Amino acid sequence: MEPGVGRTLAQSRNARISELRYDLKFSIPEAASAPIQGSERLRFRLKDSEEDLVLDFLRPGDSKVSLHSLGRPVPFRFDNEHLVIPKAALRPGFNELEIRFASSDPPFNRHADFLYTLFVPARAREAFPCFDQPDLKARFRLSLDIPSSWTAVANAPELSRAARPQRRLEVRFAETKPLSTYQFAFVAGRFQIERAVSGRPLRFFHRETDKEKLSRNRDQLFALSQQSLDWLEDYTQIPYPFGKLDFVLIPSFQYGGMEHPGVVYFNESKLLLEESATRKDELRRAELIAHEMAHMWFGNLVTMRWFDDVWLKEVFANFLAAKSVDPFFSDIDHRLRFLMGHHPGAYAVDRTEGTHPILQGLDNLNEAGSLYGSIIYLKAPIVMRQLEALLGAERLREGLRRYLRAFGFGNAAWDELITILEKSSLRSLEPWSRIWVKEAGLPRLSADFRLDGQGRILELAIVQEDPSGKGRIWPQKLEVMALQPAQEKRFVVDLSQMRTPIPEAGGLETIGVLLNSDGMGYGLVALDELSRRNFLGQAKLISDPTARGAAWIALWDSMLQGRTRPPELLDAIVAALPSEEQDLIAHWLLKRLAELHWRFLSPAERSARAEATERMLWSSLGSARSSGLRSEFFKTFSKVAGSREALDRLERIWRGELALPGLKLSEEDMSVLAMELAVRGQPRFQDLLARQIKRVSNPDRKARLEFIAPALSADADSREVFFVKLLDGRNRRREEWVEEALEYLHHPLRAQQSLKHLRPGLDLLEEIHRTGDIFFPQAWVGATLKGHNSLEAARAVRDYLARKPGLAPPLRRLVLQHAHELFIASEQAATLEAKGR
């Protein structure tokens with residue numbers, strides 16, 4: 001048998017097994033190093049007993065397993081991560097098995113005084129023998145034997161708790177609704193509990209010791225959750241399906257959130273915001289909560305049949321989260337927010353050799369983690385918004401209601417939803433679905449026009465090209481703006497062919513043509529030279545915020561295409577930022593400024609512009625309209641600071657000798673500041689980091705800083721020892737900490753010294769893919785490559801790919817995605833160096 005959970009095996013089991021129930025008991029020692037023991041009673045109906053029955057179980061080492069049925073021992077064998085029961089021990093109809101086992105540690109995420117299970121996409125099999133596939137839903141009963149000082153929470157309500165000898169506690173939970181194995185979850189440990197005082201009986205479990213922070217956020221968390229649930233019940237016309245609902249706020253949780261029915265996990269820092277949080281941070285928190293609530297219907301009530309359709313639950317969670325949250329943030333331009341939040345990130349993957357379709361093939365669930373990424377989370381919502389425009393909002397909603405009613409507490413695939421939508425809209429959607437969902441890539445869009453001697457348009461056409469050379473057409477409506485000296489003229493064109501003329505544009509005076517000016521289209525915009533030059537100098541003169549955002553995105557793409565020099569773009573951003581009226585655009589430009597500064601400027605270009613950049617950031621910090629925007633300017637100033645004056649200012653801020661008017665820095669802000677100073681390598685800054693660790697009182701946040709500190713050491717040998725420790729999987733269990741430490745280890749200021757870590761870091765990717773959680777492989781590769789821009793680094797990546805012809809395609813794509821800008825930056829640097837010679 002093949003390792004993991006193969007599709008053929010899963011299909012065979014789905015055809016034979018029904019009425020599945022798990023009664024599970026876990027005994028959890030207080031010491032995180034002691035093994036977890038478990039037992040289960042597995043009940044199911046078997047269609048026939050013509051074949052052996054295969055359970056998924058990746059046991060720890062050679063630990064013992066016992067299996068009985070009706071009190072009698074049952075023979076079995078282990079075969080490549082499976083427990084195989086001979087057909088002679090089975091019978092058609094009802095079967096019951098009793099199994100005792102030891103669990104593997106990784107999916108329990110064990111810490112000194114708490115743990116949480118995380119079984120997505122197929123890691124339940126590491127905790128207990130099961131049918132670890134999404135389309136064999138089951139009802140679960142759970143009993144936990146835990147230290148008496150701990151509390152516990154799970155998918156279903158608590159039924160009872162009873163004291164046991166040796167300061168132990170047994171907690172029993174009610175039976176769940178039908179769940180997939182990846183949705184089954186529980187948390188145990190030292191947590192505090194907050195309860196909603198009105199409305200639904202919501203609770204959240206947390207480990208926060210800052211009472212002021214807790215008080216500042218508590219009511220808003222409950223209010224946002226209530227609002228999301230109310231909105232979703234109205235939209236779907238289905239009440240919340242899973243009875244009780246609890247939230248667990250986990251320090252340094254490896255995702256933003258995880259939607260287990262009845263017990264939703266959140267990254268604590270995403271919900272308990274600092275006092276300096278921006279309006280954008282507040283919106284992100286609201287969208288995160290709404291995203292996980294939407295999963296109660298899309299993902300939990302109706303679950304994908306196989307993980308190749310994992311995008312389906314994610315796209316509707318994102319799509320509906322935005323719909324439900326937007327009305328409560330009326331001060332934010334949501335059309336602009338969608339553009340800046342989705343298109344650049346989707347393009348960053350879709351333009352690379354590592355791109356892939358939204359709907360990807362998947363033969364084995366041990367590869368399911370590689371399906372997640374920007375194409376699912378960023379491109380898919382753009383495509384779904386186009387589908388809504390194609391069908392109409394009401395028809396889409398009615399189709400989704402039919403889908404939920406038809407497949408409730410069951411499983412469905414994308415094509416089954418498309419069939420429902422085709423019936424409700426009376427139109428064929430298969431050709432649209434094929435190009436947008438089932439094929440990889442994106443179009444290249446450009447404006448082809450001629451002007452007369454007075455700058456008036458003689459002819460204008462929109463050209464759509466397929467970068468892959470296959471001649472494909474992505475059908476879509478595209479808004480085109482002709483920017484005039486005193487106004488903006490818009491046209492909407494239906495792109496159904498390679499060249500689409502706009503005859504009504506004839507005679508208009510223009511200084512540039514902007515494609516996708518309303519953010520509804522999708523494709524890489526190749527600016528003509530007139531538009532590129534004028535937008536670079538006058539993007540701030542485009543009055544419509546969404547169009548202005550689209551212009552900046554096009555300019556960024558022109559830099560990656562080699563048509564705009566990085567210092568030229570940085571100068572334009574530095575000139576535009578002080579007068580930019582839209583915080584969303586300012587935030588995006590600040591991120592691009594830091595990326596240009598470190599990755600795309602040569603040392604000489606960086607040095608020549610450092611004073612002007614620092615001066616603009618410091619000045620804007622004092623004049624920003626809001627504390628949130630001041631916070632963003634300060635963070636960027638801290639990231640790019642290099643002059644003695646700038647570093648002295650940052651040190652004085654950390655010491656409390658220099659205040660920032662209108663901006664109160666939190667303990668976390670001070671920790672980040674101490675790390676930014678420490679990475680500069682000066683001895684006095686190393687001392688600041690040690691003192692900051694002593695300042696921090698919360699044990700979880702202190703442990704994080706202590707973990708990261710060696711990666712910030714000025715001593716190269718200490719950093720080497722830290723990296724070697726990461727080669728041991730036991731030292732990579734706090735994945736968010738590892739990602740942060742790696743970014744500092746490979747910081748641009750340390751890039752030359754950390755080149756030696758590139759190849760061994762990449763060589764570890766396959767192991768990280770096997771042992772880490774779903775987002776960790778891309779986090780590992782991203783943090784490893786992010787700080788590099790040299791030819792040596794690019795060569796190391798290419799050599800790795802050449803040495804690994806058998807590298808799994810999803811992992812090869814992952815490396816190519818994250819190396820794309822490294823390749824561009826290194827080629828630009830080589831060209832600049834050649835010109836200098």
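What follows is a short dialogue on reading helix packing, strand pairing and one loop residue in a predicted model.

Me: Let's start with helices. What describes two packed helices?

Reply: Two numbers do the job: the angle between the axes and the distance between the axes. Try helix α8, residues 393-407, against helix α9, residues 414-425: their axes are 9 Å apart and the packing angle is about 130°. That angle makes α8 oblique to α9.

Me: Which hand does the crossing of α8 and α9 have, and which residues make the contact?

Reply: The crossing is right-handed. On the α8 side you'll find R395, L396, G399, L400, R402, Y403 and F407, and these meet E416, L417, I420, L421, S424 and S425 of α9. By character, that contact splits into seven nonpolar, three polar and three charged residues.

Me: Now another pair. At what angle do α6 and α14 cross?

Reply: Roughly 20°, with the axes of α6 (residues 334-350) and α14 (residues 583-600) coming within 9 Å. Angles under 35 degrees count as roughly parallel, so α6 is roughly parallel to α14. The crossing of α6 and α14 is left-handed.

Me: Which residues form the contact of α6 with α14, and how do they divide?

Reply: From α6 come L336, R337, M340 and P344, while α14 supplies L584, I585 and W588. Six of the residues in this contact are nonpolar, none is polar and one is charged.

Me: On to sheets. How do strands pair?

Reply: They pair through backbone hydrogen bonds, in either a parallel or an antiparallel sense. Take the open four-stranded sheet here: its order is β26-β23-β22-β28, and the pairing is mixed. From one strand to the next the twist averages 25°.

Me: Which strands stand at the edges of that sheet?

Reply: β26 (499-501) and β28 (524-526) do; each has a single partner strand, so one side of each has no neighbour in the sheet. For β28, look at strand β22, residues 444-451: the two pair in the parallel sense over three bridges. If you want a spot to check on screen, L445 sits opposite V525 of β28.

Me: And side chains along a strand: where do they point?

Reply: In a regular strand they alternate between the two faces of the sheet. Strand β7, residues 82-85, is a good one to rotate: H82 and V84 lie on one side, L83 and I85 on the other, and all of them are buried, leaving both faces covered.

Me: Which strands pair with β7, and in what sense?

Reply: Strand β3 (residues 53-56) pairs with β7 in the antiparallel sense over four bridges, with L53 opposite I85. Strand β6 (residues 77-78) also pairs with β7 in the antiparallel sense, over two bridges. Within that pairing, R77 has V84 as its bridge partner.

Me: What takes a positive phi in the hairpin of β6 and β7?

Reply: N80, with a phi near 50°; the hairpin has three residues between its strands.

Me: Last one, a loop residue. Where does I511 lie, and what does it touch?

Reply: I511 is in the loop between β26 and β27 (512-515). Leaving aside residues up to four places away in sequence, I511 touches L483, P485, L530, S531, N534 and Q538. Its C-alpha is 7.0 Å from that of L530, although I511 and L530 are 19 residues apart along the chain.

Me: How does I511 count in terms of accessibility?

Reply: I511 has 22% relative accessibility, so it counts as partly exposed. The cut-off for buried is under 20%.

Note on methods. Residues numbered from 1 in each chain as written. Predicted model: local features only at pLDDT ≥ 70, side-chain atom pairs only at ≥ 80, totals over all residues. Heavy atoms only, no water. Axes fitted to C-alpha atoms, helices over the stretch in contact; angles between N-to-C directions. Parallel < 35°, antiparallel > 145°, perpendicular 65-115°, else oblique. Left-handed = near helix turned anticlockwise from the far one by under 90°. Contact = heavy atoms within 4.5 Å. Nonpolar A, V, L, I, M, F, W, Y, C, P; charged D, E, K, R; others polar. Pairing = 2+ DSSP bridges. Buried < 20%, exposed > 50% of the residue type's maximum accessible area, 1.4 Å probe, protein only.
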